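Open the model in your viewer and keep the selection box at hand. The stops below go chain by chain, then to a few residues on the surface.

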Amino acid sequence: MAGNGDGVTLLGYWASPYALRVKWALKIKEVQYEYMEEHLPDKSPMLLQYNPVHKKIPVLVHKGKPLAESLVIIEYIDEVWKHNPLLPQDPYHRAKARFWAKFADEKCVPAMFRAFSKVGEEQAQAAEELRENLKTLESALEGKQYFGGETIGFLDIAVGWIGCWARMNEEVAGVNMIDAEMIPLLSVWFQKFLELPIIKECLPPQDKLLEHTKEFHKMLMMATLT
Amino acid sequence: MASGSVADQEGKVMLLGFWFSPFVKRVEWALKFKGVEYDYVEQELTNKSTLLLTSNPIHKKVPVLIHNGNPIAESLVIMEYIDETWKQNPILPQDPYERAMARFWANFIEQKVTEPARDALLSQGEQQEKKVKELKEAMEVVEGEAKAKLNDKTLFFGGENGVGYVDIVLGWTCNWMETVEEVGGFKVLDPESQPQFHKWMANFREVPFIKPTLEPTEKLVEYFRMLRQARLGLVANK
């Protein structure tokens, strides 16, 4: 059983960006944790017990109590381990960070998925929507080095994964997602963020992720043919 | 979000809203719970004011809270802002784990109850059936939570503190769900299979700062019927 005493356990999946952003939060906070890999699509009894509502990873178990939903988990981590704060102190800046994380999850990510999984006109429209929404997201940088300012914060780890997945997705699906001319500042930020040692060392092996992405794409394309 | 370009009287709180919006109502409930004075500014759905467009250029939607000239959008984000800015009568639990669970349930309500309900209101046929099914399944989960958390002593999800974050996020159901059902032409509410939820709704409606804010169902039905017809009319004409 996970969650022995005061311990922290993370149930995740190696190719999941949502598990990844929780890993980043734990890494920044220097929290020792036990990582347990779920062998999706099979779901372990432990996962089903700890997240009966959604039956999804990531799940964080702390002192025997489970939590689900990656951004909820990240805010919890930020509140329990107070050093290296992720969210800013000021309520208005916290609101902005939460607003933009929500924007990315609700406006950028679904568009990216549609651009990856559709074909023809639908794909073209989705890709355009993604590029435009990334442009909007870029405005939240406000000329800073990172969304968090001089150092990375909540919003950086909430959206940074998109830079990695979008590049892979656009290669496999054959549609432009990251347009460096359209989003010069965000492109630079994606690069800088993903090169940070603390961030880079948690990324899934890129060749394995590319294979995984190709397999997933093949599956989706076959589904559209039936 | 643009900042500093709108009403910047020190400490002034302004809320841009629509009278019929459950998202706006949530924010009002949060402000009233805290006893925060605010100016409510009614917006027009089709003729959006400059103030709305400059304070929420990304989504161009209500609610928008403007405090010290700073605009904040998205009802759940606004509620957290309110809770962090005005410390009296906390809305979210103090304990980090309980806070996280409250946020978890708020997300569940938004994704599995609120959004499908809105989609069901504005769709028909197979698409609507799919959303109604989702909604019914979600209500089973809500009833389960109500059974687990509520009793004769604990009337609300906020626990011993009374009304809390989850109650306010779910609260729209007690005034709008019947409207959505009537206008959309489907049934989701069922006192027999959802006894605890119905008890919670009845108690929520009676909360002194909530009761006077509830809109008459006939008024909501009339307005939402118009919205549904406008949406379906547009879809038919494509």
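Bear in mind throughout that this is a predicted model.

**Stop 1: chain A.** Select chain A and colour by secondary structure. Ten helices and four strands should show up. Followed along the sequence, they come in the order β-α-β-α-β-β-α-α-α-α-α-α-α-α. Chain A is as compact as a globular protein of its length, because its radius of gyration of 18 Å is close to the 17 Å that the globule rule gives for 226 residues. Turn the chain along its principal axes: the C-alpha atoms fill a box of roughly 55 × 45 × 30 Å. Of the 226 residues in chain A, 54% count as buried.

**Stop 2: a nonpolar patch on chain A.** Select Phe113(A), Phe216(A) and Met219(A) and show their side chains. Together these residues make a nonpolar surface patch of about 300 Å². To place the patch, pick out Phe216(A), which sits in helix α10 of chain A, residues 206–225. Is Phe216(A) buried or exposed? Neither: its relative accessibility is 33%, so Phe216(A) counts as partly exposed, the partly exposed class lying between under 20% for buried and over 50% for exposed.

**Stop 3: a loop residue.** Now select Gln89(A). This residue lies in the loop of chain A that runs between α3 (70–80) and α4 (91–117). With 63% relative accessibility, Gln89(A) counts as exposed. Add Glu195(A) to the selection and draw a distance between the two C-alpha atoms: Gln89(A) and Glu195(A) are 106 residues apart along the chain, and their C-alpha atoms are separated by 26 Å.

**Stop 4: chain B.** Switch the selection to chain B. Here there are nine helices and four strands, and from the N terminus the elements run β-α-β-α-β-β-α-α-α-α-α-α-α. The radius of gyration of chain B is 18 Å, close to the 18 Å from the globule rule for 238 residues, so chain B is as compact as a globular protein of that length. Its C-alpha trace spans about 50 × 50 × 30 Å along the principal axes. In chain B, 53% of the 238 residues count as buried.

**Stop 5: a positive patch with residues from A and B.** Show both chains and select Lys43(A), Lys55(A), Lys56(A) and Lys112(B). These lysines form a positive surface patch. Where is Lys112(B) found? Look in helix α4 of chain B, residues 96–121. Lys112(B) has a relative accessible area of 34% and is partly exposed.

Conventions:
Residues are numbered from 1 along each chain as its sequence is written. Chains are lettered from A and ligands numbered from 1 in the order in which they are written. This is a predicted model: local features need pLDDT of at least 70, side-chain atom pairs count only at pLDDT 80 or more; totals for chains, interfaces and linings use all residues. Side-chain values use heavy atoms; hydrogens and water are left out. Patches are made of residues with over 30% relative accessible area and no salt bridge: like charges are joined within 9 Å, nonpolar side chains (Val, Leu, Ile, Met, Phe, Trp, Tyr) within 5 Å. Accessible areas come from the Shrake-Rupley method with a 1.4 Å probe; for residues, only the protein chains shown count as cover. A salt bridge is a side-chain nitrogen of Lys or Arg within 4 Å of a carboxyl oxygen of Asp or Glu. Lys and Arg count as positive and Asp and Glu as negative; His and the chain ends are not counted. The place of a charge is taken as NZ of Lys, CZ of Arg, CG of Asp or CD of Glu. Helices (H or I, at least four residues) and strands (E, at least two) are DSSP runs, numbered from the N terminus. Buried means under 20% relative accessible area, exposed over 50%, partly exposed in between (1.4 Å probe, protein chains only). The radius of gyration is taken over C-alpha atoms; the globule rule is 2.2 Å times the number of residues to the power 0.38.
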